[in-house]
Amino acid sequence: MEYLKKRQKVKRRLYSKITVAGLVILFLLLIRPTWSMYQKSQETKKNLREAERELSTLEMRKAELQRDLNYVKSEPGFDQEIRDKFGVAKKDETMIVIVRDEEKDVVPPPPPKPTVWARFKSWFGLE
């Protein structure tokens, strides 16, 4: 009988409001750092994806620059770059330079909108 009384006493203490409240507080105190670690891991994954994208972009750029460098190191590429940059020609070659007329490329501004007075004149044939 005494065993049952001790057991009931332990059961009452275990299921008391204070014990449950204490366990809830303990649970919240333990879950907070876990949530913080989860958020940090998500941010780290996001940063990793961004870094991988940037790395792939830089690798593509490196390949492009390497291709350009190989072209310029070759004899035809070197000659072409010199011709493009400085506008020169080899001996016994004829060079033609086409110069655009800048004034022809300019688009004229649209005509101004007629004023009320100009419209009045045109209605009555005063112009």
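Is Arg 13 buried or exposed? In this predicted model, Arg 13 counts as exposed, at 57% relative accessibility. The legends below begin with that residue and then move through the other close-up views.

**View 1. Arg 13 and its positive neighbours on the surface.** Arg 13 sits in helix α1, which covers residues 2-14. Together with Lys 6, Lys 9 and Arg 12, Arg 13 makes up a positive surface patch. With a relative accessibility of 57%, Arg 13 is over the 50% cut-off and therefore counts as exposed.

**View 2. A nonpolar patch on the surface.** Here you can find Val 20, Val 24, Phe 27, Leu 28 and Ile 31, which share about 440 Å² of accessible area. Val 20, one of these residues, belongs to helix α2. The relative accessible area of Val 20 is 40%, so this residue is partly exposed.

**View 3. The rings of Trp 35 and Tyr 38 form a tilted pair.** The count of aromatic pairs comes to one. Its ring centres, those of Trp 35 and Tyr 38, lie 5.3 Å apart, and because the planes meet at 35 degrees the pair is tilted. A pair of aromatic rings is described by the distance of the centres and the angle of the planes. Both residues are in helix α2, and as they are three residues apart, about one helical turn separates them. Tyr 38 is partly exposed, at a relative accessible area of 43%.

**View 4. A salt bridge within helix α2 joins Glu 64 and Arg 61.** Three salt bridges are counted in the model, and this view shows the one between Glu 64 and Arg 61, with an N to O distance of 3.3 Å. Side chains of opposite charge can pair when their charged atoms come close. Helix α2 spans residues 17-73 and holds both partners, which are three residues apart, about one turn of the helix. Each partner is partly exposed: Glu 64 has a relative accessible area of 34%, and Arg 61 has one of 43%.

**View 5. Asp 79 and Lys 90 form a salt bridge.** The closest N and O atoms of Asp 79 and Lys 90 are 3.0 Å apart. This pair links distant parts of the chain, with Asp 79 in helix α3 (residues 75-86) and Lys 90, eleven residues away, in the loop between α3 and α4 (102-105). What does accessibility say about Asp 79? Asp 79 is buried, with a relative accessible area of 18%, which falls under the 20% cut-off. Lys 90, by contrast, is partly exposed at 43%.

**View 6. Glu 93 meets Arg 83 in a salt bridge.** The N to O distance between these two side chains is 2.9 Å. Here too the pair links distant parts of the chain: Arg 83 is in helix α3, and Glu 93, ten residues apart from it, is in the loop between α3 and α4. Glu 93 counts as partly exposed, at 35% relative accessibility. Arg 83 is also partly exposed, with a relative accessible area of 28%.

**View 7. Asp 92 has a positive phi.** Which part of the chain holds Asp 92? Asp 92 is found in the loop between α3 and α4. Although Asp 92 is not a glycine, its phi is about 70 degrees. Most residues other than glycine have a negative phi. Asp 92 is exposed, with a relative accessible area of 77%.

Note on methods: Residues are numbered from 1 along each chain as its sequence is written. This is a predicted model: local features need pLDDT of at least 70, side-chain atom pairs count only at pLDDT 80 or more; totals for chains, interfaces and linings use all residues. Side-chain values use heavy atoms; hydrogens and water are left out. A salt bridge is a side-chain nitrogen of Lys or Arg within 4 Å of a carboxyl oxygen of Asp or Glu. Helices (H or I, at least four residues) and strands (E, at least two) are DSSP runs, numbered from the N terminus. Buried means under 20% relative accessible area, exposed over 50%, partly exposed in between (1.4 Å probe, protein chains only). Rings of Phe, Tyr and Trp (its six-membered ring) pair if their centres lie within 6.5 Å; planes under 30 degrees apart count as stacked, over 60 as edge-to-face and the rest as tilted. Patches are made of residues with over 30% relative accessible area and no salt bridge: like charges are joined within 9 Å, nonpolar side chains (Val, Leu, Ile, Met, Phe, Trp, Tyr) within 5 Å. Accessible areas come from the Shrake-Rupley method with a 1.4 Å probe; for residues, only the protein chains shown count as cover. Lys and Arg count as positive and Asp and Glu as negative; His and the chain ends are not counted. The place of a charge is taken as NZ of Lys, CZ of Arg, CG of Asp or CD of Glu.
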